[in-house]
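Me: Got a model I'd like to talk through, helix packing and charge pairs mostly. Can you take a look with me?

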Amino acid sequence: MRQSTRTSALAEYVGDYVSALAVERGLSGNTISAYRRDLAGYLEYLGEEAASPELVDGFLASLYEQGMRPATIARKLAAVRGFHRFLVAEGETTEDPTRFTETPRTGMGFPKALDVRETIRLVEAPPTDTNLGIRDRAMLETLYGTAVRVSELVGLDLIELDLDTRSAMVTGKGDKQRLVPLGRPAVEAIGAYLPVRLELCGAREDPGAVFLNARGGRLTRQGVFGIVRKHALAVGIPQTRISPHVLRHSAATHMVEGGADLRTVQEILGHASVSTTQVYTRMSLQHLHEVYVETHPRALR
């Protein structure tokens, strides 16, 4: 019996699961096809990593980013949750990574962004007197400074970094590449990390990745989730409010609040359509309203 199941193994059981649904629940062919599509998208998101609560959260966050309605996301989560329960019932695994995942409610939007002070506290949380702390600081500065997706962060290679021009070539969805700016804090943190990176790599074959784990291999998405939540806990940010996606979301929100135009934010985020980016305008207006209510003497309280 396995504790976790990787994507290559999970894919083998999708057919069994949907067949069981068809027989036991008498679902229509269209519904079965929808379950297959939902699970195919989920497995594509997982890549070759083992399913975990963190990656389920990341999958849901990626759906929010695509502008999907909460009802659609809830349906996809139902497919994923049912699939993992099926695996447990069949004895293929002992763990259900969706066990504590909350179902999206109607009216829910993106996770609430951290404010600027919270974000800076988080980014500056890692100690800079240890190798892993130096790495974590560089990683967090890069996540927030570039607003990249976690998959783009772990896929970033050294050859794609240009610290002189303060930029990085990021490979996003559909293997589309885009140039993203690196802020001075990120450049300085990466510069401090590069000698540490050599130590982490040691005598092993260099994987070429910017961010390495303690064994010298490419850092995984699951590893990034753990690092982000570890340092969030250290500065008092609840686990329910933080993920790598929340840092991306916060960066975009802060840019819009600072006056950035939507087209620029769209380019930085790598959104195919500006309509996806418009959610940050709505969030910014909400922020302005909250500040107005709290500060204007004639606001309704």
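Me: How do the axes of α6 and α10 cross: roughly parallel, perpendicular or oblique?
Reply: Keep in mind this is a predicted model. The axes of helix α6 (residues 131-146) and helix α10 (residues 244-257) come within 7 Å and cross at roughly 45°. Roughly parallel would need an angle under 35 degrees and roughly perpendicular 65 to 115, so α6 to α10 counts as oblique.

Me: Which residues of α6 make the contact with α10?
Reply: On the α10 side you've got Pro-244, Leu-247, Ser-250, Ala-251 and His-254. The residues of this contact split into six nonpolar, two polar and no charged. From α6, the contributors are Leu-140, Leu-143 and Tyr-144.

Me: How many residues apart in sequence are the parts tied together by Glu-49 and Arg-221?
Reply: Their side chains form a salt bridge at 3.5 Å, N to O, and both Glu-49 and Arg-221 are buried. Glu-49 sits in the loop between α2 and α3, while Arg-221 belongs to helix α9, so the parts they tie together are apart in sequence by 172 residues.

Me: Is Asp-157, the salt-bridge partner of Arg-218, buried or partly exposed?
Reply: Arg-218 and Asp-157 pair up at 2.8 Å, N to O. Buried would take under 20% relative accessible area. Asp-157 comes in at 22%, so this residue is partly exposed.

Me: Which residues do salt bridges with shared partners join into one network?
Reply: The whole structure has 11 salt bridges. Those that share partners link up Asp-38, Arg-75 and Lys-76.

Conventions:
Residues are numbered from 1 along each chain as its sequence is written. This is a predicted model: local features need pLDDT of at least 70, side-chain atom pairs count only at pLDDT 80 or more; totals for chains, interfaces and linings use all residues. Side-chain values use heavy atoms; hydrogens and water are left out. Axes are lines fitted to C-alpha atoms, for helices over the stretch in contact, and angles run from 0 to 180 degrees between N-to-C directions. Helices (H or I, at least four residues) and strands (E, at least two) are DSSP runs, numbered from the N terminus. Angles under 35 degrees count as roughly parallel, over 145 as roughly antiparallel, 65 to 115 as roughly perpendicular and the rest as oblique. Contact means heavy atoms within 4.5 Å. Ala, Val, Leu, Ile, Met, Phe, Trp, Tyr, Cys and Pro count as nonpolar, Asp, Glu, Lys and Arg as charged, and the others, Gly among them, as polar. A salt bridge is a side-chain nitrogen of Lys or Arg within 4 Å of a carboxyl oxygen of Asp or Glu. Buried means under 20% relative accessible area, exposed over 50%, partly exposed in between (1.4 Å probe, protein chains only).
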